[in-house]
Structures are given as structure tokens and as C-alpha cells.
Amino acid sequence: MSTVISEMNKIERVNLKRLAYILKGLSLAEFETLELLSGEVAFGSINQSLKELEAGAGIPIDEW
């Protein structure tokens, strides 16, 4: 196994708070571009996650 893959196993795969911060900072044009690039299903998941984050209804990562 490569060193890079070994190191990846030691860190978080996705920092959800950082991702939410980045997504909230996107302009409308950037957000629409992301929608086109990620596909309809992925965009729906991202949009739902943002709504849950804003509502405080998300599940803490340590409870997954």
C-alpha cells in the first residue's frame, strides 16, 4: 500500500464543517456550476445537507 493511502486512513475523509463553509461562500454562478458538474442526485444531497446544517438537525459525526 502506498504511503499516501496509508496516511489518508489516519485523517478525516471529509471535514463536513469545512465543506459547509466553502459551499455557503459560493456565488450563485459558482453554485450553479457545481450543480451542473456534480449531477442532480449529488446536488440534492448537498442541498439537503446544507438545510440540515442550518436547522441544526444534522447527526454529529461521532454518532454515525
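In this predicted model, L26 sits in the loop that links α2, residues 16-24, to α3, residues 28-38. Its relative accessibility is 27%, and because buried would require a value under 20% and exposed one over 50%, L26 counts as partly exposed. When the neighbours within four places in sequence are left aside, the residues in contact with L26 are F31 and L34.

From this loop the reader can move on to α4, the helix that covers residues 40-55. With 16 residues at 1.5 Å a residue, α4 should span 22 Å, and the C-alpha atoms at its ends are indeed 22 Å apart, so the expected and the computed length agree. After α4 comes G56, a residue whose phi is positive, near 70°.

How two helices lie against each other can be described by the angle between their axes together with the distance between those axes. For α2 and α4, the packing angle is about 105° and the axes are 11 Å apart. Because angles from 65 to 115 degrees count as roughly perpendicular, that description applies to α2 and α4. On the α2 side, the residues that meet α4 are A20, L23 and K24, while α4 brings I46, L50, L53 and E54 to the contact. Sorted by class, the residues of the contact of α2 with α4 comprise five nonpolar and two charged ones, with no polar residue.

What are the angle and the axis distance at which α3 and α4 pack? Here the angle is about 135°, and the axes of α3 and α4 are 6 Å apart. An angle over 145 degrees would count as roughly antiparallel and one of 65 to 115 as roughly perpendicular, so α3 and α4 are described as oblique to each other. The contact is formed by F31, E35 and S38 from α3, together with E40, A42, F43 and L50 from α4. By class, the residues of the contact of α3 with α4 include four that are nonpolar, one that is polar and two that are charged.

Several of these residues link the separate parts of the description. F31, which is in contact with L26 of the loop, also belongs to the contact of α3 with α4, and L50 of α4 takes part in the contact with α2 as well as in the contact with α3. E35, found in helix α3, has a relative accessible area of 34% and is therefore partly exposed. The C-alpha atoms of E35 and N47 are separated by 9.7 Å, although the two residues stand twelve residues apart along the chain.

Key. Residues are numbered from 1 along each chain as its sequence is written. This is a predicted model: local features need pLDDT of at least 70, side-chain atom pairs count only at pLDDT 80 or more; totals for chains, interfaces and linings use all residues. Side-chain values use heavy atoms; hydrogens and water are left out. Helices (H or I, at least four residues) and strands (E, at least two) are DSSP runs, numbered from the N terminus. The expected span of a helix is 1.5 Å times one less than its number of residues. Buried means under 20% relative accessible area, exposed over 50%, partly exposed in between (1.4 Å probe, protein chains only). Contact means heavy atoms within 4.5 Å. Axes are lines fitted to C-alpha atoms, for helices over the stretch in contact, and angles run from 0 to 180 degrees between N-to-C directions. Angles under 35 degrees count as roughly parallel, over 145 as roughly antiparallel, 65 to 115 as roughly perpendicular and the rest as oblique. Ala, Val, Leu, Ile, Met, Phe, Trp, Tyr, Cys and Pro count as nonpolar, Asp, Glu, Lys and Arg as charged, and the others, Gly among them, as polar.
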